[in-house]
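The following note comments on the model shown below. It takes the form of numbered points, each of which may be checked against the coordinates.

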Amino acid sequence: DIAVLFGDSITQYSFSSHGWGAGLAHIFQRKADILNRGYSGYTTRMGRAILDHIYPKERQLLFTTIFFGANDASQDQQNVPLDEYFANMDYILSRAKMCTQNVIVIGPPPVDNSRWPTRHNKHVQTYTEAARDAAERHCVGFIDLHGAWLSERWHDHLSDGLHFSDKGNQLLLDLIRKHLPICSDDIPYDFPLWRDMLGTDPLKALCDEQIASLPYFCRKQTYKDQNSGVSL
């Protein structure tokens, strides 16, 4: 199984130490591959241009997160007008839903204007509402970081006024887990656990009968024994 995290630098940096993406990879270890498709500085306009790479039509995903808006809402050369932002999100969601029904849209977080002078929370709020509207239109999950964090000591959630501190990463990870309609316990392990592969011929543990007898969910690919030529 594969999951894709799609977004800007907040997604790109999510695989750093204590990042929310790294947390998802830990939770789904040995069960799903979590692909980081975050691109620093990207807007929905740029993200829309690379959708063939992000969501190939033949790929089926376990889930995906879509996290854009921080750059779109900026009042500088990165700005994407609000109506175009909504249209881009609508298009991205249409494409993502061809690969999975488990989609979570994450709205942009609050920003510290004193450290990022071209970014303002009044604009972030309007882009958050547009992201929510796009998510509701497609009947997918939505996480309102701007609304949730403004009621707290939100500066503590950010490391530089925009990107996440360890606390911010953990808070988002907790929110994603609440919104995901699946959990790691629902997904089989890749191959048997080591204790069930003991013996002089581990290939025997990959026979269908052995897999079916295991006390936990397990999946395997089909392999051909080079010695016997038997498919397992």
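1. Ring pairs join Trp20, Phe67, Trp149 and Phe164 into a cluster; here rings of Phe, Tyr and Trp (its six-membered ring) pair if their centres lie within 6.5 Å, and planes under 30 degrees apart are stacked, over 60 edge-to-face and the rest tilted. The count by this rule is nine aromatic pairs. Trp20 and Phe67 make a tilted pair, with 6.2 Å centre to centre and 50 degrees between the planes. That pair links distant parts of the chain, since Trp20 belongs to helix 2 (residues 20-27) and Phe67 to strand 3 (residues 63-67), 47 residues apart. Helices (H or I, at least four residues) and strands (E, at least two) are DSSP runs, numbered from the N terminus. Both Trp20 and Phe67 are buried, where buried means under 20% relative accessible area, exposed over 50%, and partly exposed in between (1.4 Å probe, protein chains only).

2. The model is a predicted one, in which local features need pLDDT of at least 70, side-chain atom pairs count only at pLDDT 80 or more, and totals for chains, interfaces and linings use all residues. Residues are numbered from 1 along each chain as its sequence is written, and side-chain values use heavy atoms, with hydrogens and water left out.

3. Phe28 and Phe63 are both buried. Which two regions does the pair of Phe28 and Phe63 link? Phe28 lies in the loop between helix 2 and strand 2 (33-38), and Phe63 in strand 3, 35 residues apart. Their rings are tilted, at 5.5 Å centre to centre and 50 degrees between the planes.

4. Two charged side chains lie over rings, by the criterion that NZ of Lys or CZ of Arg is within 6 Å of the ring centre and within 35 degrees of the ring normal. The charged end of Lys31 is over the ring of Tyr189, 4.6 Å from its centre. Arg48 lies over the face of Tyr91, 4.0 Å from the ring centre.

5. Helix 8 (residues 166-179) has 14 residues, and the 20 Å between its end C-alpha atoms agrees with the 20 Å expected at 1.5 Å a residue (1.5 Å times one less than the number of residues). Its buried residues are Gly168, Asn169, Leu172, Leu173 and Ile176. They line one face of the helix, because they fall within an arc of 135 degrees seen down the axis of helix 8, the arc being that of the directions from the helix axis to the C-beta atoms. The elements covering these residues include helix 2, strand 3, strand 4 (103-106), strand 5 (141-143) and helix 7 (145-150).

6. The disulfide count is zero, a disulfide being a pair of cysteine sulfur atoms within 2.5 Å. Why does Cys139 form no bond with Cys99? The sulfur of Cys139 is 18 Å from that of Cys99, the closest cysteine sulfur, which is too far for a bond. Cys139 is exposed, at 70% relative accessibility. For Cys207 the closest cysteine sulfur, in Cys218, is 13 Å away, also too far; Cys207 is partly exposed at 22%.

7. Most residues other than glycine have a negative phi. His18, in the loop between helix 1 (9-12) and helix 2, has a positive phi near 70 degrees and is exposed, with a relative accessible area of 55%. Arg30 has a positive phi of about 65 degrees and is partly exposed at 39% relative accessibility.

Methods:
Contact means heavy atoms within 4.5 Å.
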